Amino acid sequence: MRKIVVFFFLSTLLNGYAQRSKNIFSKDPIINLENFQKQRIYYGFFLGFNSYDFKIDYKTVGPDVLVKKTTGFNVGIIADLKLQEYISLRFEPGLYITKRFLNYPSNLLFTNNSDAIREVTSTNIQFPLLFKFSSLRTGNIRPYALGGLSATLNLSSNAKSKDDNLDNQFRVKSWTTNYELGFGIDLFSEYFIFSPSIRGVFGLNDELIRDKDPNSPWTGTIESMKTRAIFINFTFH
């Protein structure tokens, strides 16, 4: 039901945007907000969706842990600092809520079925510092690419818990670092800029906290566990 409501909201919003900007793709469109991106600093906000995964490396060869992904929600703000005509520096702090399920292989001989599944809930505050490389504007359209680094604070990490998987407590580190790459397009309407974008996020450091038992079936065979994610954002300036 929630996805239907969100889809209806975005459809209505985009339909209204299309009505106000009906000439955006015409041969000779009216140039909207011609001087907006000449500002030294400007701001915006974004809403969107995410899909988080794990890249897991193992100490030994064997059956893999399967990661079941879900669709999460993003919301945040943007500050854009113009460095030159085609390059700007962006700070995009945001809240990213998601959930993943780890399904461990059956050959690990867990005492019950629930031990073979671990739920990893993430309430992330993301702090990306990105370079935006814009192309030459054509009418009311301007594609761009993004790249940079980010730090993530996971408020649901359980990092301070003394319990581990023997007590049904899966733990990951509170802070992680990532690099991010993506692309999008600025669409200039009469009153604002609408920018849909897609971005890949790649964790740089191992975020798994091991159990006390070095032979733990949940953490003992894992060499590293790093986040992989896809963000789809709808930005408004």
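What is the volume of the largest pocket? In this predicted model, the largest pocket has a volume of about 420 Å³. Its lining is made up of 20 residues, and those nearest the centre of the pocket are Glu34, Gln37, Lys38, Arg137 and Arg142. Sorted by class, the lining of the largest pocket holds 8 charged residues, alongside 6 polar and 6 nonpolar ones. Strands S3 (71-84), S4 (87-91) and S6 each give at least two residues to this lining. The largest share comes from S3, which supplies 3 residues.

From the open pocket, attention can now turn to enclosed space. Rolling a probe the size of a water molecule over the atoms reveals where empty space remains. A search of the whole structure turns up 1 cavity of 30 Å³ or more. The largest cavity contains about 120 Å³ of space. Around the largest cavity stand 18 lining residues, with Asn124, Thr152, Thr176, Glu207 and Thr227 nearest its centre. The lining of this cavity comprises 9 polar, 6 nonpolar and 3 charged residues.

Several strands help to build the wall of the cavity. At least two lining residues come from each of strands S1 (41-58), S6 (117-134), S7 (141-154) and S8 (175-188). Of the lining of the largest cavity, S6 provides the largest share, with 4 residues. S6 also appears among the strands that each supply at least two residues to the lining of the largest pocket.

The pairing of the strands can be followed along the chain. S7 and S8 run antiparallel and are joined by 13 bridges. Within this pair, Tyr144 has Gly184 of S8 as its bridge partner. S8 also pairs with strand S9 (residues 193-203), again in the antiparallel sense, over 9 bridges. Here Tyr179 stands opposite Phe202 in S9. With 4 residues between them, S8 and S9 form a hairpin.

Thr227, one of the residues nearest the centre of the largest cavity, is a good place to pause. This residue belongs to strand S10 (residues 222-236). Thr227 counts as buried because its relative accessibility is 6%, under the 20% cut-off. Its side chain makes a polar contact of 2.8 Å with the side chain of Glu207, and Glu207 is likewise listed among the residues nearest the centre of the cavity. Apart from neighbours within four places in sequence, Thr227 is in contact with Tyr52, Asp53, Phe54, Arg100, Val201, Phe202, Gly203 and Glu207. One of these contacts, Phe202, is the residue in S9 that stands opposite Tyr179.

A second buried residue can be visited in strand S1, where Asn50 has its place. Asn50 counts as buried because its relative accessibility is 2%. The side chain of Asn50 reaches the backbone oxygen of Phe73 at 3.3 Å. A polar atom of the Asn50 side chain also lies 3.4 Å from the backbone oxygen of Ile97. Although Asn50 and Tyr96 are 46 residues apart in sequence, their C-alpha atoms are 7.5 Å apart in space. Leaving out neighbours within four places in sequence, the contacts of Asn50 include Thr70, Thr71, Gly72, Phe73 and Asn74. Tyr96, Ile97 and Thr98 are also in contact with Asn50, as are Ile230 and Phe231.

Technical notes:
Residues are numbered from 1 along each chain as its sequence is written. This is a predicted model: local features need pLDDT of at least 70, side-chain atom pairs count only at pLDDT 80 or more; totals for chains, interfaces and linings use all residues. Side-chain values use heavy atoms; hydrogens and water are left out. On a 1 Å grid over the protein atoms alone, a cavity is a set of points where a 1.4 Å probe fits but cannot get out, and a pocket is an open set with protein on both sides within 12 Å along at least five of seven lines; lining residues have an atom within 4 Å of a point. Grid points are joined across faces, edges and corners, and a volume is the space filled by probe spheres set on the points. Ala, Val, Leu, Ile, Met, Phe, Trp, Tyr, Cys and Pro count as nonpolar, Asp, Glu, Lys and Arg as charged, and the others, Gly among them, as polar. Two strands pair if DSSP finds at least two bridges between them. Buried means under 20% relative accessible area, exposed over 50%, partly exposed in between (1.4 Å probe, protein chains only). A polar contact is a pair of N or O atoms within 3.5 Å; within protein, one must be able to donate a hydrogen and the other to accept it, and residues adjacent in sequence count only if both atoms are side-chain atoms. Contact means heavy atoms within 4.5 Å.
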